[in-house]
Amino acid sequence: MSVIPFSLRAPPPLRTLVLALAAGLLAAPPVGLAAGPFQSFAGGWSGVGQVVGSNGHHEAIRCRAEYSEAKGGAALNQTIVCASESFKLDIHSYVEASGESVQGYWRESGRDVSGHITGHIAGGRFEGEIVAPTFTAGVQLTSNGRTQTVSFQPHAGDISDVRVELKRRG
């Protein structure tokens, strides 16, 4: 539980000013510092898409995602939960960028599968691969800060493609 130094004891105008200032400071990178490679992904997202089975069957899917930057914008925590009538994904991942190169790890909690992520990021676009001992998939994420596309293409199995269009919440 966090402690807010300007609690209810602060006069309402001062409390409003402090909250507005804090929100403004958190919303933009400090002047003179370059934005991190994950800046356009940070925040809350929701949207719809589809799951395509290897048999060609299409099924609608709904998703919610949360991304938070870490290490001064050089790293990203991601949670994305998607569900349809017969399919559910619950992925948590952490990645770090070094230049345009990205490395990290992921875990899909519903199937108890985890592995590594590698790829490249530039200009609001990540392209890479997620790998586990029994699973490999290509992954692409593109964001302009307002909309985002997420795409997974497993290399084998009963799912051939998952594509989602997300919009920033709030």
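Q: Why does Trp45 count as buried?
A: Start with the value: the relative accessibility of Trp45 is 0%. Now the cut-offs: buried means under 20% relative accessible area, exposed means over 50%, and partly exposed lies in between (1.4 Å probe, protein chains only). The value of 0% is under 20%, so Trp45 is buried.

Q: What kind of model is this, and how are its residues numbered?
A: This is a predicted model, in which local features need pLDDT of at least 70 and side-chain atom pairs count only at pLDDT 80 or more, while totals for chains, interfaces and linings use all residues. Residues are numbered from 1 along each chain as its sequence is written, and side-chain values use heavy atoms, with hydrogens and water left out.

Q: How confident is the predictor in the chain?
A: The score to look at is pLDDT, the predictor's confidence in each residue, from 0 to 100. The chain averages 82, and 80% of the residues score at least 70. Over residues 1-33, though, the pLDDT is below 50. Beyond near neighbours in sequence, that stretch has six contacts in the model (a contact means heavy atoms within 4.5 Å). Where pLDDT is low, the predicted coordinates should not be read in detail.

Q: What makes up the chain, in helices and strands?
A: There are one helix and ten strands. Both are DSSP runs numbered from the N terminus: helices are H or I with at least four residues, strands are E with at least two. Along the sequence the pattern reads α-β-β-β-β-β-β-β-β-β-β. Our opening residue, Trp45, sits in strand S1 (residues 43-53).

Q: How do you know that S3 and S4 pair?
A: Two strands pair if DSSP finds at least two bridges between them. Strand S3 (residues 75-83) and strand S4 (residues 88-98) are joined by nine bridges, so the rule is met. The two strands run antiparallel, and they form a hairpin with four residues between them.

Q: What makes S4 and S5 a pair too?
A: Eight bridges join S4 to strand S5 (residues 101-108), again in the antiparallel sense. The rule asks for at least two, so this pair passes as well. S4 and S5 form a hairpin with two residues between them, and Gly99 in the turn has a positive phi of about 70°.

Q: Which residues stand opposite Tyr94?
A: In S3, Asn77 stands opposite Tyr94 of S4. In S5, the bridge partner of Tyr94 is Tyr105.

Q: Why is the link between Cys63 and Cys82 called a disulfide?
A: A disulfide is a pair of cysteine sulfur atoms within 2.5 Å. The S to S distance of Cys63 and Cys82 is 2.0 Å, which is within that limit, so the pair qualifies. By this rule the count comes to one disulfide. Cys63 lies in strand S2 and Cys82 in strand S3, 19 residues apart, and the pair links distant parts of the chain. The link is right-handed, with 115° about the S-S bond, and both cysteines are buried.

Q: Why do Glu96 and Lys71 count as a salt bridge?
A: A salt bridge is a side-chain nitrogen of Lys or Arg within 4 Å of a carboxyl oxygen of Asp or Glu. The closest N and O atoms of Glu96 and Lys71 are 2.9 Å apart, so the pair fits. Glu96 lies in S4 and Lys71 in the loop between S2 (58-70) and S3, so the pair ties together parts that are 25 residues apart in sequence. This is one of six salt bridges in the structure.

Q: Is Glu96 partly exposed or exposed, and what about Lys71?
A: Glu96 has a relative accessible area of 30%, so it is partly exposed. Lys71, at 57%, is over 50% and therefore counts as exposed.

Q: How do you know that Glu108 and Arg111 form a salt bridge?
A: Their closest N and O atoms are 3.5 Å apart, and that is within 4 Å, so the rule is satisfied. Glu108 is buried at 4%, whereas Arg111 is partly exposed at 44%.
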